[in-house]
Amino acid sequence: MATNDIYNKEYDVIIVGGGATGAGTARDCALRGLSVLLVERNDYSTGATGRNHGLMHSGARYAVTDGESASECISENMILRRIARHCVEETDGLFITLPEDDLQYQQTFVEACQRAGIRADVIDPEEARRIEPAVNPQLIGAVRVPDAAIDPFRLTVGNLLDARLHGAETLNYHEVESLIINQNRVEGVKLLNKLNGERIEVRSRVVVNAAGIWGQRIAQTAGVNISMFPARGALLIFGHRVNNMVINRCRKPANADILVPDDTVCVIGTTSDRIPIETVDDMRVTREEVDVLLKEGVKIAPSLATTRIIRAYAGVRPLVASDDDPSGRSISRGIVCLDHAKRDGLEGFITITGGKMMTYRLMGEIATNAVCAKLGNTAPCITANQPLPGSEEDGPNQGDLTKRYSFGQRAAIGRHGSLAARIEKDNDIDNALVCECEGVTVGEIKYAVHQLHVHNLVNLRRRTRVGMGTCQGKLCSCRAASLMGEFNHDVKRAQEDLAAFLDERWKGMRPVAWGDTLREAQLTASIYEGLCGLDTAVNLQGKEDVQ
Amino acid sequence: MRMDTVIMGGGLSALACGISLAKRGKRVTIVASGQSTMLFNGGSMELLGCIDGKPVEKPLEAIATLPQNHPYSKIGADRIAAISERVKLLFSDSGIEMTGSANANHWRITPMGVAKPAWLTLNDHLRIDDLNNLPAKHLALMCVRGFFDVPNAMLAQGLRELGFEVDMIEFTTDDITSLRRSPSEMRATSLAKRLVSNHALQRVADQLNSLAGEADMVLMPSVFGQNDSSDFQTLQNMTRKPLRLVATLPPSVAGMRMMTQLRHYFRMLGGTYLMGDTAVSGTFEGDKLTSVTTAKLGDMPLKADNFVLATGSFVSRGLRADYERIYEPVLGVDVVADNDRERWTSFGVLQPQAYFGYGVATDEQLRCLKNGKPIQNLRAIGSVLSGHDPVKMGDGTGVSLITAIAAADHIRENK
């Protein structure tokens, strides 16, 4: 869309932040008939949304310590199974007790789950070993709960797609530099287009701050103070999926006590460290974090000791101090919705934060309720019942996939649900595989580039999983870069993009660069530098990190 | 069975060393895993391409300026000059036709259209001796429809920046289209397997002849000739214009062809090539290695007067890194490497990476050290050696070939 169109328009609501919460809020607002613009400074799901376990909590983890969060989780969990089934894998989860843990805690845990409405079945350790062969065989207790795995990238894109289908407009790579304020009223945002350096102003009746940990800065530009306490968590991805079910430790939440199966891999995490707000953009994982994750991970599933680690990453939870306790001693993991008119005397400005990826839909509902109250809109929320695009009832089901579709088509249906029908597959070239690990075809890349707001290879990876498999983009990234260079008619940019993509992959590999991961790194360097001379063709120095 | 020499590893350096010894009547056994980094070869050998990020024009002269720990410094520029001539002979004896000189680098063209300094380049590949005097003005870059392992647009742009006029022309033939039925089959090696019969080559040549237009040279991806250069020759004879090949992404047809030719020559000379086996451990007596155990021969260790370690770098598993350390996994010989994991790598992916320089430690005669003392009859050659960097210095294949022949000389002199 031409920027002039946006410039000349006044929206009902501008949503700042393209994570799950922003996307969910945009969808809800659009479904209630509001005119919506969502702006995101990087790519969609680059913040905490794209940097967690990919765990669809049953709520059991919070049952003992935070009953309210637990209830929210189980209710949202059941909703997402209906509305986002193409993003969810129904694995169930185990809470295991190891010899070093207190078995008494299991009783406390099960009772708390029951209070929160979470089904929690105590099972025999023998039965646990049978249904989940990867589990530490020394376990002395196990509880089965309705945890599941969810793809946060797909979930966010699904919400954005539906928002757009209902008239919302969305812009990635547009950063909010400040809010437009006129006499105690927020009237829009000043944006920097990070792709071309252009600055524009866009007006709206309400602005929703859904920028996660970065929301503190957005609020600050309007002179509003929100005390956020960034909590950093690091995670490791292993090269194949050792477990079928989510495995948790049945004890008070601690470091590295959840192992989640995600598609072809599995993820252990997290550490938890308070960090200064100034450092939230430094996502490099330290040696100490890796050491803790490995040590604890092996206790959950011993085979992790000999499983290749393909990368390490970290995210930052936006925890918020309650207003009557700015010291941060009583930090909430619950949802925080601030109407700044009531709180700070600033009209037209709402912040939605705290919460969890799990509760993004509820957060969207709460924020949209607040927006509607301001605008006098009385339409009800329907996001809990209306399936996301890709999860409609009449989509192809997993059962008949194997017979009728190729590997690439099946993989695409797994990723895009019923939307996979939009992927071109009429000729042999469209069906050709670009990424063999993840089954990404030329047709799927075309679809992503043309319909899913893809500007670079990292965007493409988030939409299609290209380069996410065990080889971490060894050959497919070059093939994909070459195709994108053709689509965009800009070869130099495609080469720089390729180098930036490899750099982004390397950032996650470096903290775990030993064993086969170091081998893969050497192989990649031999191909792209030794054979191809990519390091001669581009100069990455002084370039900003790609997001 | 007792051998004169057992070589652990079956790549470029192992074969060069094995051929050099077998040619002089030695009984040599090579223990080869069957995989080689020649799979990533671009149709050229590099002696020394780059120092401190700057291209090297005269490699033999530049070798004298290398630090003491570089494998070349242990051999010396004079001997390298002599050995470099023997390498050319070794290639031509094996039926590999290459051109180049150790005195002056020429330029090879990478799949991304970058000109990189090279020492020897296959005669059927595009080679530029002088960037101010290009071998053609107008190129027809023939792009195989649906073959993604050459980034054609990048290649064309690179060639244009070098001063060529380039037409990108997409084409296909029935043989190529039929490969498409399985979506993962469109690789350089599968094309090379398919494009062998005179009929298949004629159908390609017909396309080249009808589409090449005004160009004075035709460029094709290197997808011809699994075993030798005869398929290329046939195609050139059918094509009215001069034809040259450009390297593809792996698997490299040219690299695999060179390995086949070297292996064939080694066997012709009476060498034993144990394919699909790897050395797993060795037995030492005093300052000598007496035998090597392999995965397949199990309780029949290979005994020999001399041994050569040519197991390659991390990629080939000649070096291993675990959580805490870097080591040589077969014989446990000394390595040069940092103890601190943080220092193995750099933050930027295209920055120099320290681990590339890690490898086994040797004395001046390329003898491996164990606990600081040289093993009298065990030499290390090629990528397993410390002190060089194939990616940043462009010295990988050169170190493999030069150290292979230098080690063979030491072994013969030892007697």
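This report walks through a predicted model, from the meeting of two chains to the fold of chain B and a run of strands in chain A.

**Where the chains meet**

Let's start with the contact between the chains. Chain A puts 45 residues in contact with 40 residues of chain B. Which parts of chain A do the touching? At least two residues each come from strand S22 (433-435), helix H16 (476-488), helix H17 (491-509), helix H18 (515-531) and helix H19 (534-537) of chain A. H18(A) gives the largest share of that side, with 11 residues. If you sort the residues on the side of chain A that touches chain B by character, you get 23 nonpolar, 12 polar and 10 charged.

**A look at chain B**

Now for chain B itself, which has 12 helices and 24 strands. Its radius of gyration is 22 Å, close to the 22 Å that the globule rule gives for 415 residues, so chain B is as compact as a globular protein of that length. Picture its C-alpha atoms in a box of roughly 70 × 45 × 40 Å along the principal axes. Of the 415 residues in chain B, 56% count as buried. Take the contacts in chain B with a separation of 6 or more: 70% of them are between residues 24 or more positions apart.

Chain B is also split up by its domain assignment, which gives domain 1 (2-101 + 256-414) and domain 2 (126-246). How far apart are the centres of domain 1 and domain 2 of chain B? Taken over C-alpha atoms, 33 Å separate them. The two domains do touch, with 8 residues of domain 1 of chain B in contact with 9 residues of domain 2 of chain B. On the domain 1 side, helix H10 (residues 253-268) of chain B gives the most, with 4 residues. That side of domain 1 divides into 1 nonpolar, 5 polar and 2 charged residues.

**Two hairpins in chain A**

Back in chain A, strand S10 (residues 174-181) runs antiparallel to strand S11 (residues 186-193). S11(A) in turn runs antiparallel to strand S12 (residues 199-209) of chain A. Here are both pairs side by side:

| Strand pair | Bridges | Residues between strands | Turn residue and its phi |
|---|---|---|---|
| S10(A) and S11(A) | 7 bridges | 4 residues | Gln183(A), about 45° |
| S11(A) and S12(A) | 5 bridges | 5 residues | Gly197(A), about 80° |

You can also spot individual partners across the strands. Ile180(A) stands opposite Gly188(A) in S11(A), while Leu191(A) has Ile200(A) in S12(A) as its bridge partner.

Terms used:
Residues numbered from 1 in each chain as written. Chains lettered and ligands numbered in written order. Predicted model: local features only at pLDDT ≥ 70, side-chain atom pairs only at ≥ 80, totals over all residues. Contact = placed C-beta atoms within 7 Å. Nonpolar A, V, L, I, M, F, W, Y, C, P; charged D, E, K, R; others polar. Domains from an automatic or database assignment. Rg over C-alpha atoms; globule rule 2.2 N^0.38 Å. Buried ≥ 20, exposed ≤ 12 C-beta atoms within 10 Å, placed from the backbone. Pairing = 2+ DSSP bridges.
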